[in-house]
Every structure is written in C-alpha cells, then in structure tokens.
Amino acid sequence: MTNIEEIIMNRRSVRKFNDKPITDTELSAIVEAGRWAPTGGNCQTVHFFVITNKDVLAILRLRVKEAFSEMELSDDQYISIRNSIKLAKQGNYVYDYNAPVLVVVANRRGYPNAMADSACAIQNMMLTAESMGIGSCWINQLHWLDENHSVRDYLETLGLGSDETICGAVALGNYDGTHARKPRMGMKVDYVK
C-alpha cells in the first residue's frame, strides 16, 4: 500500500482535542493543501476562513448553540440536525468539539459546483492533517445554518461575502488521548463491465 492509501484508510474523524496548538507551519501546509484542490472548470472560487482566535471561536460556538436551541424538532429531520437541536436545547452543545482551529469553507452562492469544489478542498485538508498526525473532523453545522442571521451576520464580519454560501468547515487539532480507529464497512460498489 502506498503512503497516500494508508493515509486515506487510516483517517478518522476526531472529536476530542487537547490544548496543544498546531504550529503555524502545520496549519499553513494544511490550508495550502485545500487551496490546491481541484475545482470545476478551474473556477477556484472556494474561500477559506482560518479561525484560531479563541474569542472568535467562543462567539461562534455560542451563536451556533443559540441557533439550534431556537429550532423546533420534527420527525423528518436529518438525524444529526435533530441531535444538534436536542443537545443545544439541553445547553451542552459544542458543534466543533472545542477544536483550537476551525477552517470555514465558503463558495459563490448559486455556483453549481460550490459544494463539490469545497468538499474536495476539505478532503485535501483532512488528509494532509492526517499525514501530520493532526486530528480533523468535517463540520456541517455552519452549512446547515447558512441562512441563520446571527451566525451568518457574524461570519460576514469575518469576511464572508453576501454572495457566498457556507459549504462546510473542518475542525483541526491534536488528539486528546489515543485516537481510536474504528473499523469501517466501506461503501457499496458495483462494477459494470
């Protein structure tokens, strides 16, 4: 197996981080890997917000928790959204697992490849983090709250354009304790020859 295959097979979502900071060199390499992701038609419209400021992260955590706590539960909601609402209503919800770094990924609103291009960038960052022994977790909550005024207005003060949509984020940090590598089942594949 090649090194990249090992990295792909070994990467898992980390949801428990310690306080040891990621170095500027490591963070720069991770973000740079995202910047070099493929984009449809080579449009390169992905926009990254690399947040390391503890106060900014705390404000964003509070706004996300408040936004979910104000939402109503319904039986037809996606299970992760339901869980976010339930935990937020209980008051103990931290959507980014207290990661010391959050890279918010946005793209042009209405651009047909916005999500695909952003997903490629996030995957590049997560694989690069794994190659360095740094934990990562894909974060969807900001995407789900893209139209929430409190969350969106705050992100616009950080540079999000009114013509942009939040496609996702990646939490980054050093593992807190042993990083469990649970086995995966794999996805269904049919070969048509």
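**Figure 1. D96 sits in the loop between α4 and β2.** The model shown here is predicted. D96 is buried, and its relative accessible area is 0%. The side chains of D96 and R61 are joined by a polar contact of 2.7 Å. Look around D96 for its other contacts. Setting aside residues within four places in sequence, D96 is in contact with F17, L57, R61, L102, I139 and A171.

**Figure 2. D96 and R61 form a salt bridge.** Their closest N and O atoms are 2.7 Å apart. The pair links distant parts of the chain, with D96 in the loop between α4 and β2 and R61 in helix α3. In sequence, D96 and R61 are 35 residues apart. Is R61 buried or exposed? R61 is buried, because its relative accessible area of 15% falls under the 20% limit. D96 is buried as well, at 0%. A search of the whole structure finds six salt bridges.

**Figure 3. Helix α3 runs from residue 54 to residue 69.** It has 16 residues. At 1.5 Å a residue, α3 should span 22 Å. The C-alpha atoms at its ends are 22 Å apart, so the model agrees with the expected span. Now find the N-terminal end of α3, which N53 caps. A side-chain oxygen of N53 lies 2.8 Å from the backbone nitrogen of D55.

**Figure 4. Helix α3 has a buried side and a face turned away from it.** Which residues of α3 are buried? They are V56, L57, L60, R61, V64, A67 and F68. Seen down the axis of α3, these buried residues fall within an arc of 135°, so they line one face of the helix. The face turned away from the buried side carries the exposed residues K54 and D55. What do the buried residues of α3 pack against? Their partners are β1 (47-51), α4 (79-90), β2 (101-108), α6 (141-144) and α7 (149-157).

**Figure 5. The largest nonpolar core has 31 residues.** L60, V64, F68, Y95, L102, L142 and V151 touch the most other members of this core. Several elements give two or more residues to it: β1, α3, α4, β2, β3 (135-139), α7 and β4 (164-173). Which element gives the largest share? It is α3, with six residues. In soluble globular proteins, nonpolar side chains tend to be buried together.

**Figure 6. V64 is in contact with residues elsewhere in the chain.** Neighbours within four places in sequence are left aside here. The contacts of V64 are then Y93, Y95, L142, L145 and V151. A second, separate core has 18 residues. Its members include L27, V105, I134 and L172.

**Figure 7. L155 lies in helix α7.** L155 is buried, with a relative accessible area of 2%. Not counting residues up to four places away in sequence, L155 touches L60, L160 and I166. Compare L155 with F49. They are 106 residues apart in sequence, and their C-alpha atoms are 9.0 Å apart in space.

**Figure 8. E147 and R109 form a salt bridge.** Their closest N and O atoms are 2.9 Å apart. E147 is in the loop between α6 and α7, and R109 is in the loop between β2 and α5 (114-131). The pair links distant parts of the chain, 38 residues apart. E147 counts as exposed, at 54% relative accessibility. R109 counts as partly exposed, at 37%.

**Figure 9. R109, D146, E147, R152 and E156 are linked in a network of salt bridges.** One bridge in this view joins the side chains of R152 and D146. The N to O distance in that bridge is 2.7 Å. Are R152 and D146 buried or exposed? Both R152 and D146 are buried.

**Figure 10. M126 is found in helix α5.** M126 is buried, with a relative accessible area of 3%. Which residues does M126 touch, not counting those up to four places away in sequence? They are R11, S136, C137, W138 and V170. M126 and S136 are ten residues apart in sequence. Their C-alpha atoms are 5.7 Å apart in space.

How values were computed: Residues numbered from 1 in each chain as written. Predicted model: local features only at pLDDT ≥ 70, side-chain atom pairs only at ≥ 80, totals over all residues. Heavy atoms only, no water. Helix = DSSP H or I, 4+ residues; strand = E, 2+ residues; numbered from the N terminus. Expected span 1.5 Å × (residues − 1). Buried < 20%, exposed > 50% of the residue type's maximum accessible area, 1.4 Å probe, protein only. Arc of directions from axis to C-beta. Contact = heavy atoms within 4.5 Å. Polar contact = N/O pair within 3.5 Å; in protein donor to acceptor, adjacent residues only side chain to side chain. Salt bridge = Lys/Arg side-chain N within 4 Å of Asp/Glu carboxyl O. Core = buried A, V, L, I, M, F, W, Y, C linked by side-chain atoms within 4.5 Å.
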